Amino acid sequence: MFKISFGKAEFSIDAWSIADLSSDRAGEKRRVAIIEIDVKGEKGKVKKPPMNIRKIIKVVLFLLILGFLAWCSSGVGTAFYSNELRVIKTIVLVDPAFAERANWQEAASRLINLAAAPLEKEAGIKFSLEEFAAFTFEAGATLEAVAAALDKQLVKEEETVVIGLVAATASKSPLFGFSLFSEGIAIVKVLENEALTVRALLHELAHLFGAVHVADPDSVLDLWNRGENLDRVNLALIRLFRERSFSSLRYPLSREKREEVRSLYQEIAASLRRLEREMRAKGDSSFRKAPNLADDVYLNLAHLELEERNYEAVLNCCQEALRLNSDAVEALNLMGIARRRQGAIDEAIAIYRKILERQPQEARVLYNLGIALAKQGKLKDALQAYEQALKIRPRMVEAMGNQADVLLRLGREKEAEDILMKALAINSRFALGYANLAEVYFRREENDRATEMVNRALALEPDLPEAHNMKGKILHRQGRVEEAMKEFSLALKFDPTQAKAAHNLGNCYLELNRLQEAKNYFELAQKLAPSLAEAYEGLGTCLLLMKDTAAAIFHLRRARELGLNSLGLQLNLSTALIYQQKWAEAAEAAQEALRLEPKSSLAWNNLGLLALQEKDWSQAEKYFRQALLYDSRNKQALANLAALLLALNRWAEAAATYEQLLKESPGEAISHNNLAVAYYHLKDYRQAWAHIQQALSLGLEVNREFMEAVKKQLKD
Ligand SMILES: [Zn+2]
């Protein structure tokens with residue numbers, strides 16, 4: 001007698017089909033791209049030069065002479081600069097006191113043109129005065145309040161600068177000027193002395209182009225207001241910032257120029273530190289009492305380092321700024337952003353709340369708080385923070401963009417769409433708004449509209465990581481995997497912290513069955529976003545396919561703990577658990593999969609395997625047949641059912657099932673072998689012999705005794 005060789009008829013189980021796992025194809029509801037931006041930098045907080053007017057008047061004669069000499073000597077070195085002019089549309093706003101003057105428009109033009117002359121001559125920046133208007137503000141308002149009011153109310157085109165002139169003597173402001181760097185708004189107090197007003201104007205306009213306070217008796221940016229010219233380092237900065245944008249939605253300077261800007265700022269910071277040390281050594285403590293504060297170089301540097309994602313450097317700069325000016329709210333704000341991006345979200349929230357205690361009307365701090373809360377998963381609180389920010393600044397499109405993102409994560413697509421449309425009506429150049437809108441259409445499977453939106457976003461901002469990620473998702477859905485991978489890679493290149501892009505790349509590699517690369521990207525996504533459940537799911541699936549089932553279980557369980565509950569996850573988890581013979585938990589996961597999708601063929605198959613393990617043959621058969629009811633071509637279920645029937649000596653049914661299975665995958669040597677066994681028992685020796693030959697040709701070692709037995713019957 002011989003033993004039939006279905007020891008080899010392994011019951012087979014398989015991972016959930018990979019294609020359905022890929023992000024944003026299936027289960028995209030939970031895979032919302034977390035699109036976010038930070039208000040980067042120093043809106044509203046820059047340049048606070050309290051100036052002692054008496055002091056200025058005393059030194060003014062001296063300055064006139066010095067200034068003249070400086071003008072003579074500076075001419076030569078700068079003569080051959082300025083090949084092309086950057087012409088900047090400028091709106092001139094004056095207060096009622098100024099508007100009372102005769103020919104006020106000419107008077108305003110004269111002041112601005114005098115102030116801007118060195119910028120045109122030496123840096124190639126020309127202010128084209130295109131609109132004049134009078135504006136009113138609360139009597140006695142400070143210059144900061146005036147600037148803030150303008151920023152909130154003014155509807156201005158991008159790349160337009162606003163210069164405000166305040167002549168009211170009632171203004172209580174101790175400052176001579178104030179500027180909003182990101183928005184391009186400069187407000188200056190008009191003094192009786194025209195030369196002083198012109199100097200104040202030049203000082204503020206220089207700030208708009210990245211200039212910072214220096215210790216240089218000749219410079220108009222001097223800490224003690226001693227000079228009236230543009231010093232060498234600031235002039236170099238202004239030239240680098242000549243092509244800056246005034247969009248307020250992104251850092252105003254291209255990548256290429258940032259490196260040079262950084263070294264210039266570092267040069268200024270080093271010289272200021274040296275001076276402070278020297279003064280202290282001489283027992284002179286007046287450095288920190290200078291009318292212009294020395295903290296602005298650190299704030300500008302922190303702003304730049306934030307853009308470069310050097311968060312430790314951001315924190316160091318902010319500490320320096322706070323040391324020089326404990327009121328530097330912007331330093332706290334930047335620290336909050338850096339700490340949040342480093343993952344210290346609680347600390348970031350504490351910093352924002354501290355600022356808001358002092359300045360509850362800081363819309364951008366509320367906005368940043370919203371980002372941190374959303375990161376913590378406190379979506380309702382985040383929405384509230386954005387709403388508060390928008391109450392203060394109704395035209396803050398960044399807040400609208402993030403609000404829409406949170407709404408998308410809550411599945412409130414229509415509301416998200418409405419808000420984005422509103423934001424884009426306010427600012428048609430809001431690139432991230434288009435990218436977010438693409439997400440809305442993507443979810444509705446309106447691919448053409450999604451593509452159109454994402455292309456608009458990229459036309460406005462070719463480096464926008466979220467737009468590249470979104471474009472990748474659309475291409476991926478269209479089956480254009482290679483192109484999608486290019487987009488995901490770009491997203492990751494422009495923002496190396498984009499966990500979603502890393503995750504999506506992992507999915508693409510998984511789909512191409514390039515498991516090692518897939519694993520690397522899922523690990524990267526995990527590192528970047530330790531609470532991104534999908535990254536654990538992807539890694540777990542990868543490990544399952546690599547047959548490292550113990551590790552697979554670890555990551556898949558973690559994905560479940562993090563709140564993910566998808567069909568693919570439950571199926572893969574139950575499969576991995578079966579491999580590890582953790583039967584009870586495997587059954588639980590399979591049941592959960594069926595709760596999510598009652599027609600899941602793979603889940604029924606896994607239940608069949610679990611019944612087999614309990615030796616409940618009839619239950620197992622029922623489950624396998626259920627699996628085949630929902631997918632008659634499920635190879636695992638076919639193989640398992642056939643093997644079960646064979647074991648139960650139900651030869652005819654077993655043969656029929658193997659025939660079906662071999663139609664699906666003709667190259668299965670073991671199935672040929674087992675089918676031969678079934679035919680042998682059905683006394684169809686010719687068929688049995690034919691399938692033995694097939695099995696042999698596929699490289700399977702067929703039991704010798706069995707072959708002899710069949711051969712003998714054929715001869716008889
Ligand atoms: Zn200043």
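## A guided tour, beginning at the α24–α26 contact

Select Leu571, Ser574, Thr575 and Ile578 in helix α24, and then Leu602, Ala603, Asn606 and Leu609 in helix α26: these two sets of residues meet in this predicted model. The residues of this contact comprise 5 nonpolar and 3 polar ones, with no charged residue. Extend the selection to residues 567-579 for α24 and 601-613 for α26, and the two helices are seen to pack at an angle of about 20 degrees, their axes 10 Å apart. Because angles under 35 degrees count as roughly parallel, α24 and α26 are roughly parallel to each other. Their crossing is left-handed.

**The next helix pair**

Move on to helix α27 (residues 617-630) and helix α28 (residues 635-647), whose axes come within 9 Å and cross at roughly 150 degrees. The angle therefore makes α27 roughly antiparallel to α28, and the crossing of this pair is left-handed. On the α27 side, display Trp617, Ala620, Glu621, Phe624, Arg625, Ala627 and Leu628; on the α28 side, display Ala637, Leu638, Asn640, Leu641 and Leu644. This contact divides into 9 nonpolar residues, 1 polar residue and 2 charged residues.

**The sheet**

Now select the strands. An open sheet is formed by 5 strands in the order β2-β1-β3-β5-β4, with mixed pairing. At its edges are β2 (125-134) and β4, each of which pairs on one side only. On average, neighbouring strands of the sheet are turned by 20 degrees against each other, direction ignored.

Start at the β2 edge. Strand β1 (residues 86-94) pairs with β2 in the parallel sense, over 9 bridges. To find the register, label lysine 89, which stands opposite serine 128 in β2.

Cross to the other edge, where β4 and strand β5 (residues 185-189) pair in the antiparallel sense over 4 bridges. Here glycine 177 stands opposite valine 188 in β5. The two strands, β4 and β5, form a hairpin with 4 residues between them. In the turn, select glycine 184, which has a positive phi of about 75 degrees.

Which residues of strand β4 (residues 177-180) point one way, and which the other? Gly177 and Ser179 point one way, Phe178 and Leu180 point the other way, and all of them are buried.

**Helices across the sheet**

Add helix α3 (residues 104-123), which lies across β1, β2 and β3 (160-166) and runs at about 160 degrees to β2. Then add helix α4 (residues 143-153), lying across β3, β4 and β5 and running at about 145 degrees to β5.

**A single residue: arginine 239**

Select arginine 239, located in helix α6 (residues 232-240). Is this arginine buried or exposed? Arginine 239 has 22 other C-beta atoms within 10 Å; because a residue counts as buried at 20 or more, arginine 239 is buried. Next, draw a C-alpha to C-alpha distance from arginine 239 to glycine 124: the two are 7.7 Å apart in space, although 115 residues apart in sequence.

**The whole chain**

Finally, return to the full view. The protein holds 32 helices and 5 strands. Of its 716 residues, 51% count as buried. Among contacts between residues at least 6 apart in sequence, 59% join residues at least 24 apart.

How values were computed:
Residues are numbered from 1 along each chain as its sequence is written. This is a predicted model: local features need pLDDT of at least 70, side-chain atom pairs count only at pLDDT 80 or more; totals for chains, interfaces and linings use all residues. A residue is buried if 20 or more other C-beta atoms lie within 10 Å of its own, exposed if 12 or fewer, and partly exposed in between; C-beta atoms are placed from the backbone. Two strands pair if DSSP finds at least two bridges between them. Axes are lines fitted to C-alpha atoms, for helices over the stretch in contact, and angles run from 0 to 180 degrees between N-to-C directions. Angles under 35 degrees count as roughly parallel, over 145 as roughly antiparallel, 65 to 115 as roughly perpendicular and the rest as oblique. A crossing is left-handed if the near helix is turned anticlockwise from the far one by less than a right angle, and right-handed if clockwise. Two residues are in contact if their C-beta atoms, placed from the backbone, lie within 7 Å. Ala, Val, Leu, Ile, Met, Phe, Trp, Tyr, Cys and Pro count as nonpolar, Asp, Glu, Lys and Arg as charged, and the others, Gly among them, as polar.
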